[in-house]
Amino acid sequence: MGRRLHHKICVVDDFRALVGGINIADKYRGTMDEAAWLDFAIFIEGEVCNELKRICGQIEERQFPVFKPSPNQKYHGQNIPQINIRQNDWLRNRNQIHYSYLMAFEKAERSIYLVASYFLPGRKLRKSLERAAARGVKIKIILAGKSDIPTILNASLYLYRWLLRNKIEIYEWQKSVLHGKLAIVDNEWMTIGSFNLNLLSTYASIELNIDIEDKDLAKSSTDLLNRLISEGCTQIDTQRHRTVFDRIYEFIAYLAGRTLIRWITFFPGVRKRIR
């Protein structure tokens, strides 16, 4: 229960690949009445695609060996961005994406941009963002103004007071449903893939992200996010007027969302302890 393959990978001819958060179904691409969901993927060419193919092959053959930590395998060359494949599969001791976010937040010096469609981060990620904000790092986060899961959307609203208290800028994407998962730090490092900032991605789902260290790509991606902010987002710069009943409802939604995620991660945890 709750365990799911959440990768979004396409590998072609062992040399080209798309990795991101994009699902393939009619509702995601939009209709005559609704705009396409906002999402991101990265196109890659080169040796790294062989490793992505190997990972896909393991899934196809149902081969899920317990992960043993080893030095990161990096793919780069002259004038080519450094690329790292990050995986999260808590049941098999993979926590790379979660720790990659934590490390990036802890090392941030100037700026953090986040696109988070289902934003319910755990305590460690929240504390890491708090420490970055306290150091003077400018943090902008794009959240969903529209969502396909209203419960998670309402649960995220409960965190707005915490975000504003820590001087984190909040922007709600209004043009369509938000489904993207993206982070950029200091215009030098970025990560993109299937990983959401919540406990479901951290502990239950099988996830894959690509980390890239490349100033040109990070800068152009930051420019894209700033354009999306100016063209399609509403900034939440003060705590909106909420009645007591609104606050109670958001708090209940927050507890319900967190509890639901904890329960659907419970059974994989039991299997791990039995082993």
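**Note on the predicted model: pockets, rings and strands**

1. Helix α3 gives the largest share of the lining of the largest pocket, with six residues. Please keep in mind that this is a predicted model. Helix α3 spans residues 96-107. Strands β6 (80-89) and β13 (205-213) also contribute, and each of these three elements supplies at least two lining residues.

2. How big is the largest pocket, by volume? Its volume is about 470 Å³. The lining counts 20 residues, and those closest to the pocket centre are M103, A104, K107, W189 and E213. By class, the lining of this pocket divides into 10 charged residues, six nonpolar and four polar.

3. A104 deserves a separate look. It belongs to helix α3 and is among the residues closest to the centre of the largest pocket. Is A104 buried or exposed? A104 has a relative accessible area of 11%, so it is buried; the cut-off for buried is under 20%. In space, the C-alpha atoms of A104 and A132 lie 9.9 Å apart, while 28 residues separate the two in sequence.

4. Turn next to the enclosed spaces. How many cavities of 30 Å³ or more does the structure hold? There are four. The second largest cavity contains about 70 Å³ of space. Helix α5 (150-157) and strand β9 (138-144) each supply at least two residues of its lining. Helix α5 gives the most, with four residues.

5. Which residues line the second largest cavity? The list runs A116, S117, Y118, F119, L143, A144, S147, I152, L153, S156, L157 and Y160. Nine of these lining residues are nonpolar and three are polar. No charged residue takes part in the lining of this cavity. For the largest pocket, the count of charged lining residues is 10.

6. Aromatic contacts come next. The structure holds five aromatic pairs. One of them joins Y28 and W37, with ring centres 4.6 Å apart. Why is this pair edge-to-face? The ring planes of Y28 and W37 stand at 80°, so the pair is edge-to-face, given that planes over 60 degrees apart count as such. W37 counts as buried because its relative accessibility is 12%.

7. Y101 and F105 make another aromatic pair. Their ring centres are 5.8 Å apart and their planes meet at 70°, so this pair is edge-to-face too. Both residues sit in helix α3, four residues apart, so about one helical turn separates them. Y101 is buried, at a relative accessible area of 2%. F105 is buried as well, at 0%. F195 joins Y101 and F105 in one aromatic cluster.

8. A charge also meets a ring. Which residue lies over the face of W162? R126 does, at 4.6 Å from the centre of the ring.

9. Strand β4 covers residues 41-45, and its side chains alternate. Which of its side chains are buried? I42 and I44 point to one face and are buried. A41, F43 and E45 point to the other face and are not buried. In a regular strand, side chains alternate between the two faces of the sheet.

10. Strand β4 has a partner in β3 (residues 16-20). The two strands pair in the antiparallel sense, over five bridges. Within this pairing, V19 stands opposite I42 of β4. I42 is one of the buried residues of strand β4.

11. Two backbone angles are worth checking in the viewer. D13 has a positive phi, near 55°, and is not a glycine. Where is D13? It lies in the loop between β2 (9-12) and β3. D13 is exposed, because its relative accessible area is 64%, and over 50% counts as exposed.

12. N187 is the other residue to check. It is not a glycine, yet its phi is positive, at about 55°. N187 sits in the loop between β11 (181-185) and β12 (189-193). Its relative accessibility is 26%, so N187 counts as partly exposed; the cut-offs for that class are 20% and 50%.

How values were computed: Residues numbered from 1 in each chain as written. Heavy atoms only, no water. 1 Å grid on protein atoms, 1.4 Å probe; cavity = no way out; pocket = protein on both sides within 12 Å on 5 of 7 lines; lining within 4 Å. Points joined across faces, edges and corners; volume = space filled by probe spheres on them. Nonpolar A, V, L, I, M, F, W, Y, C, P; charged D, E, K, R; others polar. Buried < 20%, exposed > 50% of the residue type's maximum accessible area, 1.4 Å probe, protein only. Pairing = 2+ DSSP bridges. Phe/Tyr/Trp six-rings, centres within 6.5 Å; stacked < 30°, edge-to-face > 60°. Lys NZ or Arg CZ within 6 Å of the ring centre and 35° of its normal.
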